[in-house]
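Biologist: Got a minute to walk me through this model? I'd like to start with how the chains meet.

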Amino acid sequence: METAIFWGLSFCAVAAALAVVFLRQAVNGVMSLLALMLVMAGLYLLLGAQLVALFQLIVYAGAVLVLFVLVVMLLNLERKPARPLLYPGKPAVASLLALCGAGFAAILRWAPPPGGGPMGGAVKPAPPIEQLAIDLFTERLLIFELTSVLLLAAAVGAIVMSRKAGDLS
Amino acid sequence: MKAEIGLVWRLLEVILFFAVIMGLVAYMTLMERRFLGFFQVRMGPNRVGPQGLLQPIADGIKLLFKEDLTVSHARRFYFTLAPIISLVAILACFAAIPMSGRFHVADLSLALLYIMAFSSLGVYGVLLGGWSSGNKYSLLGGLRGAAQMVSYEIPLALALVGVVVLSGSLSMTEIVQAQEGRWFILRQPLGFLIFLTAVSAETGRTPFDLVECENELVAGYQTEYSSMKFGLFYMAEYAHVLLASCLATHLYLGGWNGPLLPPLAWFGIKSFLVFFFFIWVRATFPRLRYDQLMSLSWKALMPLALANLLITAALVVYPPFG
């Protein structure tokens with residue numbers, strides 16, 4: 001049962017990821033990205049990582065991608081000519097893609113399976129959320145706080161960049 | 001064999017649960033219209049059946065048989081997808097809402113996060129509906145809706161963290177059990193107010209119904225919708241209000257705890273009172289301006305929610321009377 005769900009979800013993930021790259025209209029691309037996020041959440045759930053799955057939904061699907069969609073809709077990109085980029089018809093891109101595909105196939109063929117089976121063996125049950133909090137605020141506190149500083153710097157940078165020249169407000 | 005019977009029984013339970021939800025949603029429209037009527041010293045719909053009790057059924061039949069229009073410049077796929085996303089995202093949340101200690105679909109240990117996750121997906125319904133209609137009023141409504149929902153989600157989540165800190169759990173059942181004796185509204189009065197404000201902005205009701213504000217935007221993102229597609233949006237809106245009422249009951253008003261009456265009855269009474277409060281607010285307050293709406297969220301609710309969280313956490317770590 002789990003294997004079937006895993007293959008189904010993986011197929012959807014690959015299809016959605018390809019759609020993100022190859023669909024001509026920006027909105028279709030963004031919506032494929034949304035589908036990809038949802039499928040990823042499903043995969044996390046299958047791995048027993050409920051917390052990661054839910055945060056994937058809240059942060060990526062619920063907030064980050066909404067901004068992408070907003071921007072795409074505001075700019076009304078579809079009136080622009082279709083983007084002239086990355087179609088496998090062009091020889092260079094096609095050979096690059098073939099190389100990547102061959103690489104993946106080689107990895108899949110010769111790499112030792114991690115613990116057997118596509119699921120990577122028995123899935124460990126996720127630790128309770130309390131344990132996660134304890135880890136985050138004791139052992140990994142420094143990294144956690146450094147990440148927040150990084151995010152703050154990024155936010156300040158975004159505000160500075162979006163400000164019009166000469167506008168001090 | 002026994003396992004199969006158990007499974008079928010469980011499925012029937014789930015179907016019953018959602019049938020109850022959909023029935024409630026239908027009759028909430030009637031309640032709202034009748035009560036709004038009383039607030040405005042008029043009768044409200046009272047012709048179909050005794051006291052207008054058959055009105056929702058008549059409305060449903062009418063919606064189903066109306067012509068399903070799709071305007072020619074709409075993006076068909078997204079135009080159909082939008083109302084479905086809206087309703088599914090909200091209905092999925094109900095899976096984690098227990099109606100009493102026993103009557104529920106799933107008692108998740110991360111229920112609160114699950115509800116946050118799926119209710120945040122509802123934004124796409126509004127956004128896509130507005131954009132795919134190919135109409136400037138719809139687009140404006142959709143964009144407003146998305147901005148409003150994303151900005152009010154933050155104070156809402158911060159207010160909920162206060163409850164989580166107090167109860168030490170994300171599971172609905174445990175949160176309700178933590179309130180036996182003393183409801184969280186007594187320990188989180190500010191949090192409760194922030195929650196109510198943010199959640200009525202999330203549901204897009206007056207005074208926060210900038211999304212479909214009729215004197216500026218016709219009907220916002222719903223302008224081009226007709227028949228059952230419109231019906232789905234409508235149901236999603238009321239289901240969202242129902243979800244908000246159930247959440248307020250569970251998180252702040254002690255859930256199904258109460259003397260004498262059975263738990264289900266207490267849950268029903270409390271949720272109804274919260275819903276009545278929402279109607280009351282709608283009948284009382286005028287609509288905000290859009291800049292007021294945004295500054296309320298970012299300049300008032302956010303700092304208040306953060307302060308509330310800080311004080312709650314401090315009181316939990318250093319209890320004053322113990």
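Biologist: So how many residues of chain A are in contact with chain B?
Modeller: 24 residues of chain A touch 21 residues of chain B, where contact means heavy atoms within 4.5 Å. This is a predicted model, so local features need pLDDT of at least 70 and side-chain atom pairs count only at pLDDT 80 or more, while totals for chains, interfaces and linings use all residues. Residues are numbered from 1 along each chain as its sequence is written, chains are lettered from A and ligands numbered from 1 in the order in which they are written, and side-chain values use heavy atoms, with hydrogens and water left out.

Biologist: What area do chain A and chain B bury between them?
Modeller: About 2000 Å², with 79% of it on carbon and sulfur atoms. Buried area is the accessible area (1.4 Å probe) that two parts lose on being put together, summed over both.

Biologist: And how many salt bridges between chain A and chain B?
Modeller: The count there is zero. The rule asks for a side-chain nitrogen of Lys or Arg within 4 Å of a carboxyl oxygen of Asp or Glu. There are three residue pairs in polar contact between chain A and chain B, both residues at pLDDT 80 or more. A polar contact is a pair of N or O atoms within 3.5 Å; within protein, one must be able to donate a hydrogen and the other to accept it, and residues adjacent in sequence count only if both atoms are side-chain atoms.

Biologist: Where do the salt bridges turn up, then?
Modeller: Over all chains the count is seven. One of them joins Arg10(B) and Glu13(B), at 2.5 Å from N to O. Another pairs Arg140(A) with Asp135(A) at 3.9 Å.

Biologist: Is Arg140(A) buried or exposed?
Modeller: In between: Arg140(A) is partly exposed at 40% relative accessibility, and Asp135(A) is partly exposed too, at 25%. Buried means under 20% relative accessible area, exposed over 50%, and partly exposed in between (1.4 Å probe, protein chains only).

Biologist: Switching to chain B, what are the domains?
Modeller: Domain 1 is 1-57 and domain 2 is 66-321; bounds like these come from an automatic or database domain assignment. Their centres, taken over C-alpha atoms, are 19 Å apart. The contact takes 18 residues from domain 1 of chain B and 24 from domain 2 of chain B.

Biologist: How much area is buried between domain 1 and domain 2 of chain B?
Modeller: About 2100 Å², and carbon and sulfur atoms give 83% of that. On the domain 1 side, Phe17(B), Met28(B) and Glu32(B) lose the most area to domain 2, together 31% of what that side buries.

Biologist: What else does Glu32(B) do?
Modeller: Glu32(B) forms a salt bridge with Arg282(B), the closest N and O atoms being 3.1 Å apart. The rule finds one salt bridge across that domain interface.

Biologist: Okay, aromatics. How many pairs over all chains?
Modeller: 19 aromatic pairs. Rings of Phe, Tyr and Trp (its six-membered ring) pair if their centres lie within 6.5 Å; planes under 30 degrees apart count as stacked, over 60 as edge-to-face and the rest as tilted. The rings of Phe137(A) and Phe144(A) have centres 5.3 Å apart and planes at 75°, so that pair is edge-to-face.

Biologist: Why is the pair of Tyr225(B) and Phe233(B) classed as it is?
Modeller: Because their planes are at 85°, with the centres 4.9 Å apart, that pair is edge-to-face. Tyr225(B) is buried at 6% relative accessible area, and Phe233(B) is buried at 1%.
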